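User: I have just opened this entry and would like a guided look at it. Could we go through the main features together?
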Amino acid sequence: MDDLQLWIATIKAWYREDNPHNIEPLIAIISATPARLFTAPDLNPNKQNNHNYEEALAYWLDGCQKISQFHRQQQPELAFTYLQLPYAKLQALICDPQQGATTKRWGLKKLDSIIVKLLEFCQCQCQCQQPQHWQQQRRDLIDLHVIFMAAQQHLNLRY
């Protein structure tokens, strides 16, 4: 069993426990994500490896979102970081010329949903504390997302 397969088994075990308040093990799992999850998978005629790769990405993304949700009220900066992390990793994945069209398409769709979550998060924080800080974060996110998507030369429209 390689490091990615072991990681998938570990995160699946956390999900099977079905205890969303037991967040510390999930943080450890997300922190120990193998770097090769964010590089192109070994593509071969056997679609099983590709399915495992896509499944691992989905678990990782959902794990980040669960951690963010857990910390949302008590530690908003940390919660925000766990939304920014997948956004940045997906940007890198989309820009990787070794990635296949399916993974890029999936990444672009997820990127759209994460930017919405980031903007909603900032909007909620504007009503709670440091409104200027969160308004500026929102403006920066919008500006940087537009710049990133423009640099993709409308790949999101081709998929």
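User: How much area does the chain expose, and what share do carbon and sulfur atoms supply?
Analyst: The chain exposes about 9200 Å², and 53% of that is supplied by carbon and sulfur atoms. Accessible areas here come from the Shrake-Rupley method with a 1.4 Å probe, and for residues only the protein chains shown count as cover. This is a predicted model, in which local features need pLDDT of at least 70 and side-chain atom pairs count only at pLDDT 80 or more, while totals for chains, interfaces and linings use all residues. Residues are numbered from 1 along each chain as its sequence is written, and side-chain values use heavy atoms, with hydrogens and water left out.

User: What percentage of the residues is buried?
Analyst: Of the 159 residues in the chain, 39% are buried. Buried means under 20% relative accessible area, exposed means over 50%, and partly exposed lies in between (1.4 Å probe, protein chains only).

User: How many helices and strands are there?
Analyst: There are 7 helices and 0 strands. Helices (H or I, at least four residues) and strands (E, at least two) are DSSP runs, numbered from the N terminus.

User: Turning to H5 and H6, at what angle do they pack?
Analyst: Helix H5 (residues 101-126) packs against helix H6 (residues 131-151) at about 165°, and their axes are 8 Å apart. Axes are lines fitted to C-alpha atoms, for helices over the stretch in contact, and angles run from 0 to 180 degrees between N-to-C directions. H5 and H6 are therefore roughly antiparallel, a label for angles over 145 degrees, with under 35 counted as roughly parallel, 65 to 115 as roughly perpendicular and the rest as oblique.

User: Which residues make that contact?
Analyst: Among them are Leu 108, Leu 111 and Ile 115 of H5, and Trp 134, Leu 141 and Phe 148 of H6. Contact means heavy atoms within 4.5 Å.

User: And what about the loop between H5 and H6, where Gln 129 lies? Which residues does Gln 129 contact, leaving aside neighbours within four places in sequence?
Analyst: Gln 129 is in contact with Pro 76 and Trp 134. The C-alpha atoms of Gln 129 and Pro 76 are 9.8 Å apart, although 53 residues separate the two in sequence. Gln 129 has a relative accessible area of 34%, so it is partly exposed.

User: Last one: where is Ala 88 found?
Analyst: Ala 88 is in helix H4 (residues 76-95). Because its relative accessibility is 41%, Ala 88 counts as partly exposed. Its C-alpha atom is separated by 9.0 Å from that of Leu 111, 23 residues away along the chain.
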